[in-house]
Amino acid sequence: TTAALETTMGLKAHELVKKGQEAGGKGQLLQQLNELKNELATLRLAKINGGAASKLAKIKVVRKDIARVLTVYNQLQKASYRTKYTARKKYLPVDLRHKKTRAIRRALTTKERSIKSRRTQTREQNFPARRYAVAARA
């Protein structure tokens, strides 16, 4: 009866996160997902057979609950991968890297920006910036 009550009310994401963080929580989430999918299948059968209006309205709630469970499950999965890959910073999976923008990702790093060619280095060494005794007026 509690499962039936949860589906009519709709699941709360923060409750799913708590459930997922417990020991064996991912298994519980997957079990709940299967229950919701089975319920959705029975509701769709009721729709075909001309079920009550309350069952037809429940289809939307169950679909949203399935999406909520999947979202929380994927977030937990991604978080576990993040903790796994923090030791090796050089090779991060693409979906764990910072998104930012395409232009920022392709921009030069500060180290690459500061690199000067040998010709520029010798020119700066041989012709340093001139120093004047009188400051220029603005």
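At 30% relative accessibility, Arg68 counts as partly exposed, because that class lies between buried (under 20% relative accessible area) and exposed (over 50%), with a 1.4 Å probe and protein chains only as cover. The exercises below start from this residue.

This is a predicted model, in which local features need pLDDT of at least 70, side-chain atom pairs count only at pLDDT 80 or more, and totals for chains, interfaces and linings use all residues. Residues are numbered from 1 along each chain as its sequence is written, and side-chain values use heavy atoms, with hydrogens and water left out.

**Exercise 1. Find the partner of Arg68 in a salt bridge, and say where the pair sits.**

Step 1. A salt bridge needs a side-chain nitrogen of Lys or Arg within 4 Å of a carboxyl oxygen of Asp or Glu. Arg68 meets this rule with Asp65, where the closest N and O atoms are 2.8 Å apart.

Step 2. Both residues belong to helix H4, and because they are three residues apart, about one helical turn separates them. Helices here are DSSP runs of H or I with at least four residues, numbered from the N terminus (strands are E runs of at least two).

Step 3. Compare the surroundings of the two. Asp65 has a relative accessible area of 0%, so this residue is buried, whereas Arg68, at 30%, is partly exposed.

**Exercise 2. How many salt bridges does the rule give, and which residues form the others?**

Step 1. The count comes to three.

Step 2. One of them joins Glu39 and Lys58, with 3.1 Å from N to O. This pair links distant parts of the chain: Glu39 lies in helix H3 and Lys58 in helix H4, 19 residues apart. Glu39 is buried, since its relative accessible area is 18%.

Step 3. Another joins Glu124 and Lys116, whose closest N and O atoms are 3.2 Å apart. Glu124 has 42% relative accessibility, so this residue is partly exposed. Lys116 is also partly exposed, with a relative accessible area of 42%.

**Exercise 3. Check the lengths of H3 and H4 against the expected span.**

Step 1. The expected span of a helix is 1.5 Å times one less than its number of residues.

Step 2. H3 has 24 residues and should span 34 Å; its end C-alpha atoms are 35 Å apart, so the two values agree.

Step 3. H4 has 33 residues and reaches 49 Å from its first C-alpha to its last, close to the expected 48 Å.

Step 4. Now look at which residues these helices bury. In H3 they are Gly25, Leu29, Gln32, Leu33, Leu36, Glu39, Leu40, Leu43 and Ala46. In H4 the buried residues include Lys58, Ile59, Val62, Asp65 and Ile66. Two partners from the salt bridges, Lys58 and Asp65, therefore appear among the buried residues of H4.

**Exercise 4. Which residues gather in a patch of positive charge on the surface?**

Step 1. They are Arg44, Lys47, Lys60, Arg63 and Lys64.

Step 2. Two elements each give two or more residues: helix H3 (25-48) and helix H4 (53-85). H4 gives the most, with three residues.

Step 3. Take Lys64 as a sample. This residue is found in helix H4, and at 43% relative accessibility it counts as partly exposed.

**Exercise 5. Where do residues from other parts of the chain stand relative to H4?**

Step 1. Gln75 is placed in helix H4, and with 49% relative accessibility this residue is partly exposed. The C-alpha atoms of Gln75 and Val17 are separated by 9.0 Å, although the two are 58 residues apart along the chain.

Step 2. Leu16 sits in helix H2 (residues 13-21). Its relative accessible area is 2%, so Leu16 is buried. Between the C-alpha atoms of Leu16 and Thr71 there are 9.8 Å, with their positions 55 residues apart in the chain.

**Exercise 6. Locate two residues with positive phi, and say where each lies.**

Step 1. Gly50, just after H3, takes a positive phi of about 80°.

Step 2. Lys100 is a residue other than glycine, and its phi is near 50°. Lys100 lies in the loop between H4 and helix H5 (102-106). With 56% relative accessibility, Lys100 counts as exposed.

Terms used: Patches are made of residues with over 30% relative accessible area and no salt bridge: like charges are joined within 9 Å, nonpolar side chains (Val, Leu, Ile, Met, Phe, Trp, Tyr) within 5 Å. Accessible areas come from the Shrake-Rupley method with a 1.4 Å probe; for residues, only the protein chains shown count as cover. Lys and Arg count as positive and Asp and Glu as negative; His and the chain ends are not counted. The place of a charge is taken as NZ of Lys, CZ of Arg, CG of Asp or CD of Glu.
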